[in-house]
Amino acid sequence: MKVVLFASAIVAAVALGAGQPSTPAIDNERVTVWDLTKAGSRALTPTRPFVSISLTPRVAFAEAGHAAPAGSIVIELKDHAVPPLANTSGFPNAFPRPNSKKLFENDKVVVWDYTWTTGVPTPMHFHDKDVVVVYLETGGLKSTTAEGQSVVNDLQPGLIRFNARDRVHTEELVRGKSRAIITELK
């Protein structure tokens, strides 16, 4: 049995009850993401390795068979590995990036903690891996492609996004605050 705990505080993966939500927040060929932050949610025991993220944030990686705690976002990793893309874009990879903090890395994932600063765009970058992003604060984040097309995404704590690889863009916080735990899938 293996549980790897990391981040600013330790997470105890403790079984709090049987059962799981009826509908995942995200389900595709790479991951199933369960939002256990909703009222009445109970812990679940995934059948595959998973990353558990609380909104405090606390992050843990565990192998199948361990309980994922209630009150967390659970990224259950499917047996569908996709190697990172070769970066021929001329831009740096999305991570590492200035001021990012690597929380954990193994053969399945790389988990990053990143906080955007108002008015300071990230470098234009290439995403070589699929990612699951869990936002921790309320704000507006502008994403601009290399071609100059922009969109502002409204963020809130607990918002979960799956973003496919093979993207080039920059991001800039235009209002509020924004911090996220970003799980790159290997």
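## A surface salt bridge

D154 is exposed, with 55% relative accessible area. Exposed here means over 50%, buried means under 20%, and partly exposed lies in between (1.4 Å probe, protein chains only). The model is a predicted one: local features require pLDDT of at least 70 and side-chain atom pairs pLDDT 80 or more, while totals for chains, interfaces and linings use all residues. Numbering starts from 1 along each chain as its sequence is written, and side-chain values rest on heavy atoms, with hydrogens and water left out.

The side chain of D154 forms a salt bridge with that of R175, at 1.9 Å from N to O. D154 sits in strand β12 (residues 150-155) and R175 in β14, so the contact ties together parts 21 residues apart in sequence. R175 is partly exposed, at 40% relative accessibility. A salt bridge is counted when a side-chain nitrogen of Lys or Arg lies within 4 Å of a carboxyl oxygen of Asp or Glu. Strands (E, at least two residues) and helices (H or I, at least four) are DSSP runs, numbered from the N terminus.

## Other salt bridges

Side chains of opposite charge can pair when their charged atoms come close. The whole structure holds 11 salt bridges. One of them joins E76 and R48, at 3.7 Å from N to O. This pair links distant parts of the chain: E76 belongs to strand β6, R48 to the loop between β3 and β4, and 28 residues separate them. E76 is buried at 5% relative accessibility. R48 is partly exposed at 25%.

D113 and R179 form another salt bridge, with an N to O distance of 2.5 Å. D113 is in strand β8 and R179 in strand β15, so the pair ties together parts 66 residues apart in sequence. D113 is buried, at 11% relative accessibility. R179 is partly exposed, with a relative accessible area of 24%. Salt bridges with shared partners also join K102, E105 and K186 into one network.

## The four-stranded sheet

D154 and R175 both lie in strands of one sheet: β12 and β14 are members of an open sheet ordered β9-β14-β11-β12. Its four strands pair in the antiparallel sense. Two strands count as paired if DSSP finds at least two bridges between them. The edges are β9 (125-127) and β12, each of which pairs on one side only. From one strand to the next, the twist averages 40°. For such angles, axes are lines fitted to C-alpha atoms, for helices over the stretch in contact, and values run from 0 to 180 degrees between N-to-C directions.

Strand β11 (residues 139-145) pairs antiparallel with β12 over six bridges. One bridge partner in β12 is S150, which faces T144 in the pairing. Strands of a sheet pair through backbone hydrogen bonds, either parallel or antiparallel.

## Two nonpolar cores

The largest nonpolar core has 20 residues. A core is a set of buried Ala, Val, Leu, Ile, Met, Phe, Trp, Tyr and Cys residues joined through side-chain atoms within 4.5 Å. V31, V33, V51, I75, V109 and V111 touch the most other members. Strands that each supply at least two of its residues are β3 (31-35), β4 (50-54), β5 (58-62), β6 (72-77), β7 (101-105), β8 (109-116), β10 (131-135) and β15 (178-185). β6 gives the largest share, three residues.

Another core lies apart from this one. It has 15 residues, including A94, V110, W116 and Y135.

## Backbone exceptions

Most residues other than glycine have a negative phi, and most peptide bonds are trans. Two cis peptide bonds can be listed here. One joins T56 and P57, with omega about -20°. P57 lies in the loop between β4 and β5. Another joins F95 and P96, with omega about -5°. P96 is in the loop between β6 and β7.

N99 is also found in the loop between β6 and β7. Its phi is near 70°, a positive value in a residue other than glycine. N99 is exposed, with a relative accessible area of 70%. D166 has a positive phi as well, near 70°. Its place is the loop between β13 (160-163) and β14 (167-176). D166 is exposed, at 54% relative accessibility.
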